[in-house]
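Biologist: Could you take me through one part of this model in some detail? I would like to look closely at the place where the two chains meet, and then see what surrounds it.

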2 protein chains.
Amino acid sequence: MIIVKIGGNILDNPERLRRFLVDFSKLQGPKLLVHGGGKIASAIGQRLGITPVMVEGRRVTDAETLELVTMVYGGLVNKQVVAQLQAVGCNAIGMTGADANAILATKRPVREVDYGFAGDVAGKESINITAIVAILQAGLTPVFAPLTHDGNGSLLNTNADTIASVLATALATKHKVTLVYCFEKKGVLANADDDDSVIAHINPEKYKELKEEGVVTAGMVPKLDNAFAALHQGVSDVLIGEAEALLSIKETDKPYAGTTISLE
Amino acid sequence: MIIVKIGGNILDNPERLRRFLVDFSKLQGPKLLVHGGGKIASAIGQRLGITPVMVEGRRVTDAETLELVTMVYGGLVNKQVVAQLQAVGCNAIGMTGADANAILATKRPVREVDYGFAGDVAGKESINITAIVAILQAGLTPVFAPLTHDGNGSLLNTNADTIASVLATALATKHKVTLVYCFEKKGVLANADDDDSVIAHINPEKYKELKEEGVVTAGMVPKLDNAFAALHQGVSDVLIGEAEALLSIKETDKPYAGTTISLE
């Protein structure tokens, strides 16, 4: 089973998105897509007179921002992706964490910062695996927007990377799962200034070395920590690379074009 | 199987919607909900500077109006209804016609009027019954927004009454289906000035009489014609009444509180 996460760098580029969805449709076997937001939410928010409130680089989800992301992520982006996948023969079904009670979250507790309607997912026990597996077994491909719910009637804004990783760890209890993060670089780079210096494979020993040598940049550390956390919870491989590298996952004669992260 | 359609008169009233969803959650057996739009789309459209274009009382769906209804109907309204149903123990899954390729439509041909991205559904053969039945069998309750798709990547705006009736006729090929239209009156009225003059039962003979006597108002004729069309295509009963009458459907000791339309 393959779980692929795409972010704003693809969603904001219609031609790149179209090509990515064609590639995604060609992946054989059960699969899920998780998408983030992109600039469209901010653009529509601006037209609606909703000013983004950021604290320490994170968006604060007040009531009207929650309505905005519900409309834009759960409606506009999600349904456009679904309709485009249908056009290339992939029987997609758009979902949020509220749909099929797929992902239960709790409103982030207020400490120094009140993040508003931001949802934290406790872990794989918050995932309705039965429903998701039933949907996959019906031959459908779930497409998740970055929204969850609290079980009491409120939607919550949840990071798409988190949704991808928690879905992967939950499904890994029943299936062999590969988790793919499509991002803006070709992979984890040995040299930040050289886009082609992709490190093909990182295991725990290699990761330790890379951190000691200062090769891994600060921005990559949380991504890699999350990747290893997913692996320790049973996910088989985590792949990080460009959206354009997606189909190389399935090529048997050569390795994945981005970075493969595994425990071995 | 019960298919219930709700419109703006309920969606625009949060307290009435909340009560309705509690009642809907109590209906036993497989069920589907279809919702329309409501005033919220116009309100958000106004804030976005989108001016509604109406021709002969019908909204013209230009490209930005399609984005608006995709956001508002497919995102905001649909997901809020789903989250609220989850809170009362109904395992809802929000859908448009694009999701699971549930409802294929064609863009309305341009004749005197160009309705833009308005989708017409040919009939029950445009419904992916297999997928909808699989979703129902997984114990899920589909909640449909009034959107379809053309199979070529475009979403289309489709009347919620039409969606409810085409889903009902398609599912009637496999199941005993009751179709319920919740609307603003208690039922079809014998006297338009008396809200309590509900006609309990209408069959084809009675309908003929009512039309001859001029009892049925012009506004009701298309609704009743559609109801009889659904019955002729295999739907068992069509019920028209207030949202508050929903639970009386299942009461065995007294009839439905609104109007029951059937062939017998």
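Modeller: Happy to, and I will begin at the contact between the chains and then work outwards. Please keep in mind that this is a predicted model.

The contact takes 35 residues from chain A and 35 residues from chain B. On the side of chain A, the elements that give two or more residues are α4 (63–87), β5 (92–95) and α5 (129–137). Of these, α4(A) provides the largest share, with 13 residues. Sorted by class, this side of chain A has 16 nonpolar, 15 polar and four charged residues.

How are the two chains arranged about that contact? A rotation of 180° with 0.0 Å of shift along its axis places chain A on chain B, with an RMSD of 0.0 Å. That is the relation of a two-fold axis. If you would like a landmark for the axis, go to A:G75: of the residues of chain A, A:G75 comes closest to the rotation axis, with its C-alpha at 1.7 Å. The interface residues of chain A are also interface residues in chain B in 100% of cases, so the copies meet through the same surface.

Now let us step back to chain A as a whole. Chain A has eight helices and 14 strands. For 264 residues, a compact globule would have a radius of gyration near 18 Å, and chain A agrees, because its own value is 18 Å. The C-alpha trace of chain A spans about 45 × 45 × 35 Å along its principal axes, and 50% of the residues of chain A count as buried. Sequence separation is worth a look too: among contacts in chain A between residues at least 6 apart in sequence, 72% join residues at least 24 apart.

Within chain A there is a second contact to consider, this time between domains. The domain assignment gives domain 1 (1–180) and domain 2 (183–264), and the C-alpha centres of these two domains of chain A lie 22 Å apart. Here 24 residues of domain 1 are in contact with 16 residues of domain 2. The elements giving two or more residues to the domain 1 side are β1 (2–6), α1 (8–11), α2 (14–26), α6 (160–171) and β11 (178–182) of chain A. The largest share of that side, five residues, comes from α2(A). By class, the domain 1 side has eleven nonpolar, seven polar and six charged residues.

Let us move over to chain B for the strands. There, an open sheet of eight strands with mixed pairing has the order β5-β8-β2-β1-β11-β13-β14-β12. Its edge strands are β5 (92–95) and β12 (201–202) of chain B, each pairing on one side only. Inside this order, strands β11 (residues 178–182) and β13 (residues 237–241) of chain B run parallel and are joined by five bridges. One residue pair to display is B:V180 with B:L239, its bridge partner in β13(B).

One last stop is B:Y207, in helix α7 (residues 204–212) of chain B. With 19 other C-beta atoms within 10 Å, B:Y207 is partly exposed, because a residue counts as buried at 20 or more. Leaving aside neighbours within four places in sequence, B:Y207 is in contact with B:I202, B:L224 and B:F228. B:Y207 and B:I261 are 54 residues apart in sequence, and their C-alpha atoms are 9.3 Å apart in space.

Definitions and conventions:
Residues are numbered from 1 along each chain as its sequence is written. Chains are lettered from A and ligands numbered from 1 in the order in which they are written. This is a predicted model: local features need pLDDT of at least 70, side-chain atom pairs count only at pLDDT 80 or more; totals for chains, interfaces and linings use all residues. Helices (H or I, at least four residues) and strands (E, at least two) are DSSP runs, numbered from the N terminus. The radius of gyration is taken over C-alpha atoms; the globule rule is 2.2 Å times the number of residues to the power 0.38. A residue is buried if 20 or more other C-beta atoms lie within 10 Å of its own, exposed if 12 or fewer, and partly exposed in between; C-beta atoms are placed from the backbone. Two residues are in contact if their C-beta atoms, placed from the backbone, lie within 7 Å. Ala, Val, Leu, Ile, Met, Phe, Trp, Tyr, Cys and Pro count as nonpolar, Asp, Glu, Lys and Arg as charged, and the others, Gly among them, as polar. Domain bounds come from an automatic or database domain assignment. Two strands pair if DSSP finds at least two bridges between them. Copies are superposed by least squares on the C-alpha atoms of residues with pLDDT of at least 70 in both.
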